[in-house]
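User: Please take me through the structure shown below. Begin with the terms used for solvent exposure and the basis of the values.

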Amino acid sequence: MENRYIHFGIVLGLIAAISAGLLGGVNDFTSKVIAANTLKIVNEARKQVLPEAANFKEDEAKEAEGIQYIPGFNEAGEVVGYVASVAEPGYGGDINFVVGINNDAKVTGLNVVTSSETPGLGAKINEKEWQDHWIGKDATYEFNKSTDAFAGATISPKAVYTGVIKALNTYQNEVSK
């Protein structure tokens, strides 16, 4: 009778070991695929705000004033600008966005990644049309309540404006040098 328990214990242990090995192998394989797909998605999002870039090198990222700047390179391997990841406090919490900045220190694109702003008011910062109006702006741009804000909501657009100007100034004063 005792031999049966030992036999079942060994069989169960072998099954568990084989299963663990298979799961480990599958996890190792799929984690590489998932990481590659995630990088592809992130780079596509970065290309939306810095369309001149063919690829991005996170290992050459610079950080200044709490903003991460990831360089974008063209097909010839030249830096065409940076994608800055910015977080600014808005009405409903932090507004996280990425802004593309070219070598002339001008905005090439803006994409609000996450925000908890009031639906119908501050949440309009999530609309592509509003985000696109920042293209071409530089650090000298001054907030204009009539064109940059919405009726009843100035905190959210002002927060994005503050973050964009901070990113542009930091780029000019620290990153581009």
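Analyst: A residue counts as buried under 20% relative accessible area, as exposed over 50% and as partly exposed in between, with a 1.4 Å probe and protein chains only. The model is predicted: local features need pLDDT of at least 70 and side-chain atom pairs count only at pLDDT 80 or more, whereas totals for chains, interfaces and linings use all residues. Residues are numbered from 1 along each chain as its sequence is written, and side-chain values use heavy atoms, with hydrogens and water left out.

User: How many salt bridges does a search of the whole structure find?

Analyst: Side chains of opposite charge can pair when their charged atoms come close. The criterion here is a side-chain nitrogen of Lys or Arg within 4 Å of a carboxyl oxygen of Asp or Glu. Searched as a whole, the structure has salt bridges to the number of three.

User: Is aspartate 132 buried, partly exposed or exposed?

Analyst: Aspartate 132 has its closest salt-bridge atoms 3.2 Å from those of lysine 128. Both residues lie in helix α2 (residues 128–132), four residues apart or about one turn; helices are DSSP runs of H or I with at least four residues, strands are runs of E with at least two, and both are numbered from the N terminus. Lysine 128 is exposed at 57% relative accessibility. Aspartate 132, at 31%, is partly exposed.

User: Which residue forms a salt bridge with lysine 32?

Analyst: Lysine 32 is exposed, its relative accessible area being 54%. Its partner is four residues away in helix α1, so about one helical turn separates the two. That partner is partly exposed at 41%. With closest N and O atoms 3.6 Å apart, the residue paired with lysine 32 is aspartate 28.

User: How many residues apart in sequence are the parts tied together by glutamate 58 and arginine 46?

Analyst: The side chains of glutamate 58 and arginine 46 form a salt bridge with an N to O distance of 3.2 Å. Glutamate 58 is partly exposed at 43%, whereas arginine 46 is buried at 10%. Because glutamate 58 sits in the loop between β1 (55–56) and β2 (62–64) and arginine 46 in helix α1, the pair ties together parts whose separation in sequence is twelve residues.

User: What accessible area do the residues of the nonpolar surface patch have together?

Analyst: Patch residues have over 30% relative accessible area and no salt bridge, with like charges joined within 9 Å and nonpolar side chains (Val, Leu, Ile, Met, Phe, Trp, Tyr) within 5 Å. Areas follow the Shrake-Rupley method with a 1.4 Å probe, and for residues only the protein chains shown count as cover. One member, isoleucine 6, belongs to helix α1 (residues 2–49). Ile6, Ile10, Leu14, Ile18 and Leu22 together have an accessible area of about 520 Å².

User: Which residue in β6 stands opposite valine 99?

Analyst: Strands pair if DSSP finds at least two bridges between them. β5 (residues 94–102) and β6 (residues 107–114) run antiparallel and are joined by six bridges, while β4 and β5 pair in the antiparallel sense over nine. Valine 99 is the bridge partner of alanine 84. In β6, the residue opposite valine 99 is leucine 110.

User: Which element gives the most to the largest nonpolar core?

Analyst: A nonpolar core is a set of buried Ala, Val, Leu, Ile, Met, Phe, Trp, Tyr and Cys residues joined through side-chain atoms within 4.5 Å. The largest has 30 residues, and Tyr69, Phe97 and Val99 have the most contacts inside it. Two or more residues come from each of β3 (67–73), β4 (79–89), β5, β6 and α4 (155–175). With nine residues, the element that gives the most is α4.

User: How many of the nine residues of β5 are buried?

Analyst: Valine 98 lies in strand β5 and is buried at 15% relative accessibility. Leaving aside neighbours within four places in sequence, its contacts (heavy atoms within 4.5 Å) include Val49, Val83, Ala84 and Leu110. β5 is mostly covered, and the number of its nine residues that are buried is seven.

User: What is the relative accessible area of threonine 170?

Analyst: Threonine 170 is in helix α4. Not counting residues up to four places away in sequence, threonine 170 touches Ala64, Glu65, Tyr69 and Val175. Threonine 170 is buried, with a relative accessible area of 5%.
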